[in-house]
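Grab a coffee and open the viewer. Below are some short exercises, each with a solution worked step by step.

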Amino acid sequence: MNALGTARTARALLALLPVVGALVGCNVAVAGGLDESDANRIAIALDRANIEASKEGDPNVEGKFRVLTPRDDVGRALALMRDEELPRPRSAGVLDAMDKGALVPSQAAEHAQLVVGLAGDLQRSLEGVDGVLSARVHLNVPSPDPLRDAPLPRTTASVLLEHRGSTPPLSSDSVQRLVSGGVPGLAPADVAVVLVSRPVAAATTESHLAYVGPIAVARGSARALEIAMGVLLTLVAVLAGLTLFFYARWRRATEEAPAAR
């Protein structure tokens, strides 16, 4: 290889370094458009499963966040999010429910929207408790009728709470007090609570580290590090060859100089 060809090879390898740098940090978004609390919940769940995760602002949705994992861990991350029912669907609250409907809603429509909003707010409160996977709140709140002389039927509610593990994070009494406190005229005894247990995910013994030679890195970065090390070793070899080439030329030039005199 002449000097020109060797120099071109070195320049080509130098041009690959930014590409290698991008490969080292090659992460994929597994969830986007999230509130910060939802993004934190997903990141914590992935970290518990030894899956590297990072949270950052979502460039596609202002004021929202997204969660990224290494490309090699995307499958595991999505499977875990499916099992943990993450991200959780957002329940409509009172403000969301009252913002919909006809321009001049009827009394019955307003009452129905209020009940939907109350149920949504209660579901959010229950799902905010660590260990709760999902919550469904059904309210039976009779609509007041000023033309009716008979007393209104009793207000009742039912709650379906799914939780991880054999021990619920909230007792039935706590759920009854929370729900009854958020609905006017609802007594704790009139709140039916059903608790459903989901098995705890088996603790993984798989290390989240991989070794490239003596270097320990996150599993998702191992392949990119191998590529980077290969390119760097090749670049070192080319630079060493260039050094020897130009040294040999310099030695030859210095040896030929006295003879030319």
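**Exercise 1. Place Thr-69 in the fold, and decide: is Thr-69 buried or exposed?**

Step 1. Start with the secondary structure: Thr-69 sits in strand E3, residues 65-70. Helices (H or I, at least four residues) and strands (E, at least two) are DSSP runs numbered from the N terminus.

Step 2. Know what you're looking at: this is a predicted model, where local features need pLDDT of at least 70 and side-chain atom pairs count only at pLDDT 80 or more, while totals for chains, interfaces and linings use all residues. Residues are numbered from 1 along each chain as its sequence is written, and side-chain values use heavy atoms, with hydrogens and water left out.

Step 3. Now accessibility. Buried means under 20% relative accessible area, exposed over 50%, and partly exposed in between (1.4 Å probe, protein chains only). Thr-69 has 0% relative accessibility, so it counts as buried.

Step 4. Check the surroundings, taking contact as heavy atoms within 4.5 Å. Setting aside residues up to four places away in sequence, Thr-69 touches Asn-27, Val-28, Val-30, Leu-46, Ile-51, Glu-52, Ala-53, Val-74 and Ala-77.

**Exercise 2. Work out how the buried residues of helix H6 are arranged, and what covers them.**

Step 1. Pick them out: Val-175, Gln-176, Val-179 and Ser-180 are buried in H6, residues 172-182.

Step 2. Look down the axis. The buried residues of H6 fall within an arc of 120 degrees (taken from the directions from the helix axis to the C-beta atoms), so they line one face of the helix.

Step 3. Flip to the face turned away from that buried side, and you find the exposed residues Arg-177 and Gly-181.

Step 4. Find the cover: it includes helix H5 (107-127) and strands E4 (132-140), E5 (156-164) and E6 (191-198).

**Exercise 3. Which residues have the most contacts inside the largest nonpolar core?**

Step 1. Fix the term: a nonpolar core is a set of buried Ala, Val, Leu, Ile, Met, Phe, Trp, Tyr and Cys residues joined through side-chain atoms within 4.5 Å.

Step 2. The largest one has 20 residues, and the best-connected are Leu-126, Val-137, Leu-139, Val-159, Val-175, Val-179 and Val-191. H5, E4, E5, H6 and E6 each chip in at least two residues, with H5 giving the most, at 5 residues.

Step 3. Zoom in on Val-159. Beyond four places in sequence, its contacts include Leu-126, Val-137, Val-175, Val-179 and Val-191.

Step 4. Don't miss the second, separate core: it has 15 residues, including Val-30, Leu-46, Val-74 and Leu-80.

**Exercise 4. How far apart, N to O, are the side chains in the Asp-38 and Arg-41 salt bridge, and where does this pair lie?**

Step 1. The rule for a salt bridge is a side-chain nitrogen of Lys or Arg within 4 Å of a carboxyl oxygen of Asp or Glu. That rule gives 9 salt bridges.

Step 2. Asp-38 and Arg-41 meet at 3.0 Å, N to O. Both lie in helix H2 (residues 36-48), 3 residues apart, or about one turn of the helix.

Step 3. Compare the partners' accessibility: Asp-38 is buried at 17%, whereas Arg-41 is partly exposed at 26%.

Step 4. Try another pair: Glu-56 and Arg-66 form a salt bridge at 2.5 Å, N to O. This one links distant parts of the chain, with Glu-56 in strand E2 (residues 54-57) and Arg-66 in strand E3, 10 residues apart.
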